[in-house]
Amino acid sequence: MKIAVDKLVAGGIAVAIAALTASVVVVGLDRPAHAAAATTMAVPAPTGKADLRQPGLKRAQVVFAGGCFWGVQGVFQHIKGVDNALSGYIGGSAANATYPRVGGGGTGHAEAVQVTYDPAQVSYGQLMQVFFSVAHDPTQLNRQGPDRGTQYRSAVYADDAAQRDAARAYIAQLQQARTYAAPVVTQVDGGKPFFAAEGYHQNYLTLHPESLYIRINDLPKVAALKQQYPALYREQPRLVSTTISAR
């Protein structure tokens, strides 16, 4: 299988220089380079039922889907109390859980990140607040920035009923507060198997900061995390093993 170097398609980027327009070709595989810069915003902290606390638990898990998993993983790897943030696929079968197939948009999977965390250090509510503010835009239906298709949907996958209830309560809170100019389209689900993505997708933001896609779409998210949530931010990301075998 061909190993991805960057999620950029070969294509022309219009560059206006004086009265002339030149085409700049950027070599890659499947992400447009002419993406708009990532947008982030402040959102209220979860309250009431949305402010889920998990006393006594030393380890908990939730899966967040919010577009390309590179940026989502990169954000959560910089959060104190997150022990592991693993890029992968959720919502489809094991047989189709490969990057080339998921990228086609017909497998039912979403690119997602499985977050393992210590509730004593970072609460589920805090993770949701980051997810709904700097990790992605929850008002974009089946897309995220330049990426289009159901594989880039916004979703929270939690096998724990309390986590699902808290996610639904938080979405309702955000809607009632009219936090966004458009409705939140984030799905809440559970009971779906998660499949780790190929090794070359893990830690991509950290390993490839020179990538045009990363610079435009994802590094601003990490910068926003540091600015908006300084108490949660850790400078050194918690990376995952890159020895996951490619399927």
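**Exercise 1. Strand β3 and its partners**

Which residue in β8 does Ala-65 stand opposite? Work out how strand β3 is paired and how well it is covered.

*Solution.* The structure is a predicted model, in which local features need pLDDT of at least 70 and side-chain atom pairs count only at pLDDT 80 or more, while totals for chains, interfaces and linings use all residues. Residues are numbered from 1 along each chain as its sequence is written, and side-chain values use heavy atoms, with hydrogens and water left out.

Step 1. Helices (H or I, at least four residues) and strands (E, at least two) are DSSP runs, numbered from the N terminus, and the chain has 6 helices and 10 strands.

Step 2. Two strands pair if DSSP finds at least two bridges between them. Strand β3 (residues 60–66) and strand β8 (residues 154–157) are paired in the antiparallel sense over 4 bridges. Ala-65 stands opposite Ala-155 in β8, and Phe-64 has Val-156 of β8 as its bridge partner.

Step 3. β3 is also joined to β5 by 5 bridges, and these two strands run antiparallel; here the bridge partner of Gln-61 is Thr-116 in β5.

Step 4. A residue is buried under 20% relative accessible area, exposed over 50% and partly exposed in between, with a 1.4 Å probe and protein chains only. By that rule β3 is mostly covered, since 6 of its 7 residues are buried.

**Exercise 2. The sheet and the helices on it**

What is the order of the strands in the open sheet of 6 strands? Describe its edges and the helices that pack on it.

*Solution.* Step 1. The order is β9-β8-β3-β5-β4-β10, and the pairing is mixed. As a general point, strands of a sheet pair through backbone hydrogen bonds, either parallel or antiparallel.

Step 2. β9 (187–189) and β10 (194–196) stand at the edges with a single partner strand each, so one side of each is left without a neighbour in the sheet. On average, neighbouring strands of this sheet are turned by 30° against each other, direction ignored.

Step 3. Axes are lines fitted to C-alpha atoms, for helices over the stretch in contact, and angles run from 0 to 180 degrees between N-to-C directions; contact means heavy atoms within 4.5 Å. Helix α3 lies across β3, β4, β5 (110–117) and β8, and runs at about 15° to β3. Helix α4 packs on the sheet as well, touching β3, β5, β8 and β9, and its direction makes about 165° with that of β9.

**Exercise 3. Aromatic pairs**

How many aromatic pairs does the count come to? Examine two of them, and say where their residues lie.

*Solution.* Step 1. Rings of Phe, Tyr and Trp (its six-membered ring) pair if their centres lie within 6.5 Å, and planes under 30 degrees apart count as stacked, over 60 as edge-to-face and the rest as tilted. By this rule the count comes to 7 aromatic pairs.

Step 2. One of them is formed by Phe-69 and Tyr-89, and it is tilted, with 5.7 Å centre to centre and 50° between the planes. Phe-69 belongs to helix α1 (residues 69–77) and Tyr-89 to strand β4 (residues 82–90), 20 residues apart, which makes this a link between distant parts of the chain. Phe-69 is buried at a relative accessible area of 0%, and Tyr-89 is likewise buried at 0%.

Step 3. The rings of Phe-132 and Tyr-170 have centres 5.5 Å apart and planes at 80°, so this pair is edge-to-face. Phe-132 is in helix α3 (residues 124–135) and Tyr-170 in helix α4 (residues 161–176), so the pair ties together parts that are 38 residues apart in sequence. Phe-132 is buried at 0%, and Tyr-170 also counts as buried at 0% relative accessibility.

Step 4. Ring pairs link Phe-64, Phe-76, Phe-131, Phe-132 and Tyr-170 into a cluster.

**Exercise 4. Val-240 and helix α1**

Is Val-240 buried or exposed? Place this residue in the chain and find what it touches.

*Solution.* Step 1. Val-240 is in the segment after α6 (212–228), and it is buried, with a relative accessible area of 9%.

Step 2. Not counting residues up to four places away in sequence, Val-240 touches several residues, including Gln-73, Gln-77, Asn-84 and Asn-203. The C-alpha atoms of Val-240 and Asn-203 are separated by 6.8 Å, although the two are 37 residues apart along the chain.

Step 3. Gln-73 and Gln-77 are among the buried residues of α1, a helix in which 9 of 9 residues are buried.
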